[in-house]
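Reader: I am new to this structure. Please pick one part and take me through it closely, with each term explained as it comes up.

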Amino acid sequence: MTDPFEPTIIGFTCNWCSYRAADLAGTARIKYPPNVRLIRLMCSGRLDPTFVFKALASGADGVMITGCHPGECHYIEQNYKALRRFQLMRRTLQGFGIEPARIRLVWASAAEGAKFASEVTSFIEEVRALGPLHWGKNDSVPTLTEAVIQQEEVPA
Amino acid sequence: MTAKPKFAMYWAASCGGCEIAVLNTNEKILDVDANFDVVFWPVAMDAKYKDVEAMEDGSILLTLFNGGIRNEENEHIAKLLRKKSKILVAFGSCANEGCIPGLANLIDSREIVHTAFNTITTDNPHEIYPMTSYDVPEGEIHIPKLLPVLKTLDQVVDVDYYMPGCPPESQQIAAVIDLVVQVVQGKAELPPKGSVIGAGNSTVCDECKRTRNVKTIKAFNRIWGIAPDPTLCLLEQGIPCNGPATRSGCRARCPKAGAQCIGCYGPADGVVDYGARLISAFASVIDAKEPQEIDHILDGLVDPTGQFYRFNLAGSLLKAAVPAWKAESTHEKEKA
């Protein structure tokens with residue numbers, strides 16, 4: 001074995017709950033693996049499925065979507081919208097041969113730093129077990145980016 | 001007499017519907033003949049690839065290219081026509097975004113060959129498959145190899161203009177012919193390179209005359225399962241209509257006739273990933289908050305990947321599914 005596979009995870013957090021949960025995990029010095037790159041949105045309802053598709057197409061092995069608990073959304077009920085998008089996205093991605101477990105939805109309130117950290121950890125382990133995604137960084141398979149570069153180098 | 005500018009039209013992986021749409025412009029087609037010298041158009045006239053190869057680079061003024069890049073021949077001709085043409089137009093949904101042939105990107109391309117040559121509808125008891133090269137006394141002969149992943153025209157060569165539609169509406173083609181003729185006569189200017197021509201910039205919903213209210217749906221319906229209200233938005237009635245993400249330009253013909261928009265004009269301006277935009281739109285109108293109930297409603301959308309990427313798969317962010325990428329990787333290794 002050469003380098004062990006380290007999954008790249010893109011995590012979307014909402015400004016009011018889950019980002020603060022991540023913050024709390026930090027201030028409380030809770031450890032979790034550094035594989036997740038967090039992106040803060042104002043609300044999980046802001047999550048355009050395009051972001052998830054782009055993340056997966058650009059090399060992410062998994063995407064984590066987080067928001068306030070149901071009934072506690074800062075914008076009343078946009079997190080339900082996120083929930084429905086998440087469920088429909090998983091079904092659509094299955095058609096592409098992408099395992100549904102590669103995207104996860106987590107509700108975390110501002111007080112749940114420990115929960116946030118443990119969800120991140122367990123998600124990373126789950127994705128690690130699934131292995132690299134074929135759009136991502138896998139030595140045996142050309143990544144999408146390489147495929148695109150090859151196309152661009154073809155003289156017109 | 002000065003020579004007329006040259007015109008070419010080519011079909012790669014397509015069905016021929018684009019050519020029919022061109023002919024459906026009726027007498028407008030005579031304007032093409034009056035103003036252009038048609039040098040290459042396999043469906044309409046006899047010409048050989050070597051005739052095109054012999055032409056001077058950039059000598060064809062306008063080439064309408066329809067069809068996706070499915071095999072090595074398509075790729076070769078796309079590159080050849082790019083070299084020989086001043087203006088290359090991706091004509092129709094296949095060249096723009098892959099269209100129906102692009103749906104094969106969901107599977108390994110070997111499965112396509114298998115289905116075509118060795119399933120129950122094919123009488124092939126000795127399992128004879130086409131060979132891409134074969135030795136005959138006169139030498140080795142070739143047929144083009146299938147590419148593992150169907151590509152859109154602009155994934156292979158530089159494209160000047162995009163004309164969407166499956167097929168493009170005839171009145172839109174006629175308008176584009178008019179414009180090009182005016183440009184040739186020096187009466188009009190070409191739009192900026194990379195523009196979408198012969199279509200609107202907004203969505204099908206914008207052109208649709210049906211009444212729209214706040215949409216909340218409890219179930220998805222199939223078009224044959226209910227008698228839809230003729231004046232009310234179809235999506236509001238639970239019919240999965242792709243209007244919210246689809247480019248305008250067709251005058252909302254399908255919704256007008258009571259059928260849902262299936263998205264043949266491709267993504268509207270500002271839509272990065274067509275399917276993702278529709279996921280957003282559909283999920284927003286579902287009236288449920290419990291995961292089980294949502295799942296139950298979503299069961300009504302029988303094939304979400306097909307619903308959202310019927311025309312747009314090859315042009316989407318993910319472009320192809322895992323089996324096709326795996327085949328692509330083997331293909332790349334064989335080439336190397």
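Author: **A close look at chain B**

Of the 336 residues of chain B, 46% count as buried; buried is used where 20 or more other C-beta atoms lie within 10 Å of a residue's own, exposed where there are 12 or fewer, and partly exposed in between, with C-beta atoms placed from the backbone. The model is predicted: local features need pLDDT of at least 70, side-chain atom pairs count only at pLDDT 80 or more, and totals for chains, interfaces and linings use all residues. Residues are numbered from 1 along each chain as its sequence is written, and chains are lettered from A and ligands numbered from 1 in the order in which they are written.

Chain B has 14 helices and nine strands (DSSP runs numbered from the N terminus, H or I of at least four residues for helices and E of at least two for strands). Its radius of gyration is 22 Å, close to the 20 Å of the globule rule for 336 residues, so chain B is as compact as a globular protein of that length. That radius is taken over C-alpha atoms, and the rule is 2.2 Å times the number of residues to the power 0.38. Along the principal axes, the C-alpha atoms of chain B fill a box of roughly 65 × 60 × 35 Å. Among the contacts in chain B with a separation of 6 or more, 76% join residues 24 or more positions apart; a contact means that two C-beta atoms, placed from the backbone, lie within 7 Å.

The next level down is the domains. Chain B is assigned domain 1 (6-101 + 148-184), domain 2 (109-147) and domain 3 (204-302), with bounds from an automatic or database domain assignment. Taken over C-alpha atoms, the centres of domain 1 and domain 2 of chain B are separated by 28 Å. Nine residues from domain 1 of chain B and five residues from domain 2 of chain B take part in the contact between them. On the domain 1 side, strand 4 (69-71), helix 4 (72-84) and strand 8 (146-151) of chain B are the elements that give two or more residues. By class, that side has four nonpolar, one polar and four charged residues. Here Ala, Val, Leu, Ile, Met, Phe, Trp, Tyr, Cys and Pro count as nonpolar, Asp, Glu, Lys and Arg as charged, and the others, Gly among them, as polar.

Which strand of chain B is largely enclosed by the rest of the structure? Strand 5 (residues 85-91) of chain B is, because five of its seven residues are buried. Strand 3 (residues 60-66) of chain B runs parallel to strand 5 of chain B and is joined to it by five bridges; two strands pair if DSSP finds at least two bridges between them. Across this pairing, Thr63(B) stands opposite Leu88(B) of strand 5. Strand 5 of chain B also pairs in the parallel sense with strand 9 (residues 161-163) of chain B, over three bridges. There, Val89(B) stands opposite Tyr161(B) of strand 9.

The chain can be followed from strand 9 into the loop between strand 9 and helix 8 of chain B, where Pro167(B) is found. A cis peptide bond links Cys166(B) to Pro167(B), with omega at about -15 degrees.

Another loop, between helix 8 (170-184) and helix 9 (204-207) of chain B, holds Val196(B). Is Val196(B) buried or exposed? It counts as buried because it has 21 C-beta neighbours inside 10 Å. Leaving out residues up to four places away in sequence, Val196(B) touches Tyr162(B) and Pro164(B). Val196(B) lies 187 residues from Met9(B) in sequence and 18 Å from it in space, C-alpha to C-alpha.

Two residues with positive phi come next. Arg251(B) is in the loop between helix 9 and helix 10 (253-256) of chain B, and Ala252(B) is found in the loop between helix 9 and helix 10. Phi of Arg251(B) is near 60 degrees, a positive value in a residue other than glycine. For Ala252(B), also a residue other than glycine, phi is positive and near 50 degrees. Arg251(B) counts as partly exposed because it has 15 C-beta neighbours inside 10 Å. Ala252(B) has 20 such neighbours and therefore counts as buried.

Last comes the partner chain. The contact between the chains takes 34 residues from chain B and 29 residues from chain A. On the chain A side, helix 2 (49-57) and helix 3 (78-95) of chain A each supply at least two residues. Helix 3 of chain A gives the most, with 11 residues.
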